[in-house]
Structures are given as C-alpha cells and as structure tokens.
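Please look over the structure below with its nonpolar cores, its helices and its charged side chains in mind. The report that follows takes up each of these topics in turn.

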Amino acid sequence: MLRVCGPQARLALEKLLGRVPAPRRAALARVRDPATGEAIDEALALWFPAPHSETGEDMAELQLHGGHAVIAAVFEALGSIAGFRPAEPGEFTRRAFENGRLDLTEAEGLADLIAAETPAQRRAAFRQLKGQIGDRAEAWRAHIIKALALVEARIDFSDEADVPENLVAPALLTAQQLRAEIAAILADSGHAERLRDGLVVAIAGPPNAGKSTLLNRLAKREAAIVSPLPGTTRDVIEVHLNLGGYPVTLLDTAGLREGGEPVEQEGIRRARERAEAADLVLWVTDGSATGLSAEDKLESPFSSKTWRVANKVDLVVDKPWINGESLSAHSFAISALTGAGLDRLVAALSAHASDFFAVTESSIVTRARHRRALADTVAALDQALALGPSGREELIAEALRAAATILGRLTGRVDVEDILDVIFREFCIGK
Ligand code: GDP
C-alpha cells in the first residue's frame, strides 16, 4: 500500500488516476504515469479528506499489486510532481500526533504494536494505543490544574473579601487523592515495562558445555554458531522467543574460561556482564564429563537467580533422573543434542515468564519513561502536601504546576520537542 498525505494529496490522485474517488470509499482505478500516460498498475484507491484521516490531513491510499518495478514507477511519477517527497520513518504517526489525533503515549503504543512479537506484548501495546495510560494522565492533569486554580485564586485575590479562606485545603485534598491513586498504579505495575525486552535469560557455563546447542534447540533455528572447538562463541548472541505467549530473550554467552586470547577475554567480560544483569541464568555444565576439570565443577559464579542444567545426558548410560523426578525444582538434566529433558526445562521457563509478567495484564505502565513520569508526579504532589494547608501558597502552586507539567510531558501536551525524535525514530518508513 502506498500512502500520500498533506495538502497536495488530492493532486496525487488527480495526476495518477485522473480522478478523485468519493471520500472513504474504495474505487478501482488505473494508475498512469502523468508524463506519458502509460498504465503502471490497477489499484484500489481511497481518499480521506481532512480532518477524517489517520494524520488529520488530506490523505490518499493506493493499494497496488506491488513489486519493485510497480512501486518504483509510482514513486517516480509522484516524484515528478512538484512538492512531493518520500516520508521519513514514523512521519505519518508524528503528523497524527502533531495534529492531535494521537497523544504521545498512544504513538508509543502504536510503535510497540508494530514491534510486538508475542500475544502479551500485542495486548499491552493495543491497550496503550487506545489511550489506557494517556487518558488517565490527562484526567489527572485536569484535576491538578483545577486544584492549582484554587490555590492561584487564593493568591491573586487574597485581599478580597468574597474569596473564601479555605481554598488551599480542598486543593490539597485533591492532590492527596491523586497521589494515592498514582502511587497504587506504580506499586502494582510489576514488570510491564519489561514486556518490550522480554524476560532476559542468560545461558552461561564452561566452554563446550553445549550452550550454543541448547540455544539453537530452544530457538529452533540456527542463531548461534555451534562449534566443537572451545571458545568460539565470542560474543553475546541474543534470540527472542515466545514462551507460553510471553517474550523471553535468550542470551548465549561466550564460554566462561580464564585465560585465552584477548578477543576471547573480551567475550568473557561481556558474557559476565550480561549474565549478571539477566533475570535468570541457566548454568549449563557437561553432565557426562567423567574426569571433570576444576572449573567444570565450579558452582555458578553469578549472583543472579540461577538454574542448574546438566547437559549431554545422552552420553550417560545410567540416567534415571532425566524425567526430573529425582531432581530438585530448579535443576535440569537434558541433552541439547537429542532434546531429552527439554520439555521440562521449557515448561519451567514458560511458567517463570508467566509469573514474571503476571500482573502486567492489568498494568498501565509499559515504559520506563512512563514510570519515571508517574514517580516524578508523586514526588511533586508530595512536595505540595508537605507544605500543608497553612503552607506558603506560592510554593504549593509551584509544586502543583510541576506535577501538571510532568503529566503534560507524558502525553505530549507540553514542552516535548526534545523527546519527539527519540520516540518517532522507533518507527519504520510508511508508519
Ligand atoms: P558451548 O561452547 O557451550 O556453546 O558448546 P557448543 O554448543 O558449541 O557444544 C560443544 C560441543 O558439544 C559440540 O560438538 C556439540 O555438538 C556437543 N554437544 C552439545 N550438546 C550436546 C549433548 O547434549 N550431547 C552430546 N552428545 N553432545 C553435545
């Protein structure tokens, strides 16, 4: 599909189709090169006059048959008309935001929806696109502005007899209620903002334990280089999985071995760093090794939550523990090569991911940016509340104004030029 938006969008239809379809009704039309009159393709054309379009501006859509030559010819035809240029990544959404069709949190929700890889991510993104946090933030801001107006009235008309004395107390009561509401949301938002990255699981262990083989097994595709030579996985490889509907990011870390050449040492350093920061470490060892070297016997060196995985059990003749009955809850015996014991490991990982994201289904905070904004709002309201009903009105007003500004930045109502580029950079061209 090709979209044209802006005040000249109508001209694009006139030039390419020779007519403009009825608003919001699909029409079958020949697309011609305006210079030569040559037919390029037959398309379904749609015309959305402002303001009833996604961006709020005039917008035309052509559903072409596609293919490189068709798209190239239509682009060239459009390029030959003065005033037309290709859209920047995210430019349609940015215009929709600038024309008030979306607030900033909804634009972020759209970016997340497009990027969503699992059902949980998709649901959270869709709720945000539909204003789940934006609408709340706007309502809170409206309440704060009302409270602020009371305090300002008290300041401006303090000499006048008909302004009631006790305007500050009701303003602070509002502040207190909002503070409680926002703090509660922050408290039970769980790991919702982690939905984007997924639960991070690092696969670590001595070289040759079978980490890359395990990762490939789990990912069901060849994402990591599997090699029989120790120390070949030199960097950190990342694979995104959907486990039971939840996003899990698996990290294959370079074999943890002292010494080695500088490149390998760098890999080891990164591996340690990533594994330390992971939500869960799968500490993989070669369960078949008989003459275990000292380092193979090492306990996991990580302070993060760690599960022990004994690999290569296919090489062990007597293996009554494969079904897990005699293993403790977070110990696993597997063969990354044959897949034995893997079901139990995958089930445990899925359950862990589901627990990790448990409350996120009802959570409205899906980004660190939102969490910070809400925490800052609570802090600003606390400042106002600390001053109390007999506190200096100017200071109370200032704290309330700060709270309103923070919420305004959250939805993009005020003063957000500096963060727009960061947010819209996430989009691809045509969105
Ligand atoms: P890494 O260094 O820990 O990433 O180990 P690799 O995944 O590269 O595996 C090292 C070697 O062990 C390779 O030759 C694999 O084919 C082999 N290997 C991995 N898992 C198993 C397993 O479960 N059973 C057997 N028999 N060999 C395995």
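What follows is a reading of a predicted model, arranged by topic.

## The two nonpolar cores

The largest nonpolar core has 32 residues, and those with the most contacts inside it are Val201, Leu214, Leu241, Leu250, Leu282, Leu345 and Leu349. The elements that give two or more residues to this core include helices, namely helix 5 (119-129), helix 8 (211-219) and helix 10 (342-356), as well as strands, among them strand 5 (199-204), strand 6 (237-243), strand 7 (246-252), strand 8 (280-286) and strand 9 (306-311). Helix 10 provides the largest share of this core, with 5 residues. In soluble globular proteins, nonpolar side chains tend to be buried together.

Leu282 can serve as a point of entry to this core: not counting residues up to four places away in sequence, Leu282 touches Val201, Ala202, Ile203, Ala204, Leu214, Trp307, Val309, Leu345 and Leu349. A second core, separate from the one just described, has 31 residues, including Ala147, Leu178, Ala380 and Ala404.

## Helix 7 and its two sides

The 20 residues of helix 7 (residues 168-187) should span 28 Å at 1.5 Å a residue, and the C-alpha atoms at the ends of helix 7 are 28 Å apart, so the expected and computed values agree. Which residues of helix 7 are buried? They are Val168, Ala171, Leu172, Ala175, Leu178, Ile182, Ile185 and Leu186, and because they cover an arc of only 140° around the axis, they lie on the same side of helix 7.

On the other side of helix 7, Gln177 and Ala187 are exposed. The buried residues of helix 7 are covered by elements that include helix 6 (132-156), helix 11 (368-387) and helix 12 (393-411).

## Helices 11 and 12

Helix 11 also has 20 residues, which at 1.5 Å a residue should span 28 Å, and this agrees with the 29 Å between its end C-alpha atoms. The buried residues in helix 11 are Arg369, His370, Ala373, Leu374, Thr377, Val378, Ala380, Leu381 and Ala384. After helix 11 comes Gly388, which has a positive phi near 75°.

Helix 12, with 19 residues, reaches 27 Å from its first C-alpha to its last, close to the 27 Å expected at 1.5 Å a residue. Buried in helix 12 are Ile396, Ala397, Ala399, Leu400, Ala403, Ala404, Leu407, Gly408, Leu410 and Thr411, and the buried residues of this helix pack against helix 3, helix 4 (104-115), helix 6, helix 7 and helix 11. Just after helix 12, Gly412 takes a positive phi, in this case about 85°.

## Salt bridges

The structure holds 21 salt bridges. In one of them, Arg95 is paired with Glu57, with the closest N and O atoms 2.9 Å apart; the pair links distant parts of the chain, since Arg95 is in helix 3 (residues 91-98) and Glu57 is in the loop between strand 3 (39-48) and strand 4, 38 residues apart. Arg95 is partly exposed, with a relative accessible area of 24%, whereas Glu57 is buried, with a relative accessible area of 17%.

Arg413 forms a salt bridge with Glu138, the closest N and O atoms being 3.4 Å apart, and this pair links the loop between helix 12 and helix 13 (417-424), where Arg413 lies, to Glu138 in helix 6, 275 residues apart. Arg413 counts as exposed at 51% relative accessibility, while Glu138 is buried at 18%. Glu393 forms a salt bridge with Arg154, with the closest N and O atoms at 3.9 Å; Glu393 lies in helix 12 and Arg154 in helix 6, so this pair ties together parts that are 239 residues apart in sequence. Here Glu393 is partly exposed at 23% relative accessibility, and Arg154 is buried, with a relative accessible area of 8%. Glu108, Asp112, Arg196, Arg367 and Arg369 are linked in a network of salt bridges.

## A buried acid without a partner

Glu61, in strand 4 (residues 59-63), is buried yet has no salt bridge. The nearest side chain of opposite charge is that of Arg3, 4.4 Å away, and a salt bridge requires a side-chain nitrogen within 4 Å of a carboxyl oxygen. Leaving aside neighbours within four places in sequence, Glu61 is in contact with Met1, Leu2, Arg3, Leu44, Ala45, Leu46 and Phe48.

Notes
Residues are numbered from 1 along each chain as its sequence is written. This is a predicted model: local features need pLDDT of at least 70, side-chain atom pairs count only at pLDDT 80 or more; totals for chains, interfaces and linings use all residues. Side-chain values use heavy atoms; hydrogens and water are left out. A nonpolar core is a set of buried Ala, Val, Leu, Ile, Met, Phe, Trp, Tyr and Cys residues joined through side-chain atoms within 4.5 Å. Buried means under 20% relative accessible area, exposed over 50%, partly exposed in between (1.4 Å probe, protein chains only). Helices (H or I, at least four residues) and strands (E, at least two) are DSSP runs, numbered from the N terminus. Contact means heavy atoms within 4.5 Å. The expected span of a helix is 1.5 Å times one less than its number of residues. The arc is that of the directions from the helix axis to the C-beta atoms. Lys and Arg count as positive and Asp and Glu as negative; His and the chain ends are not counted.
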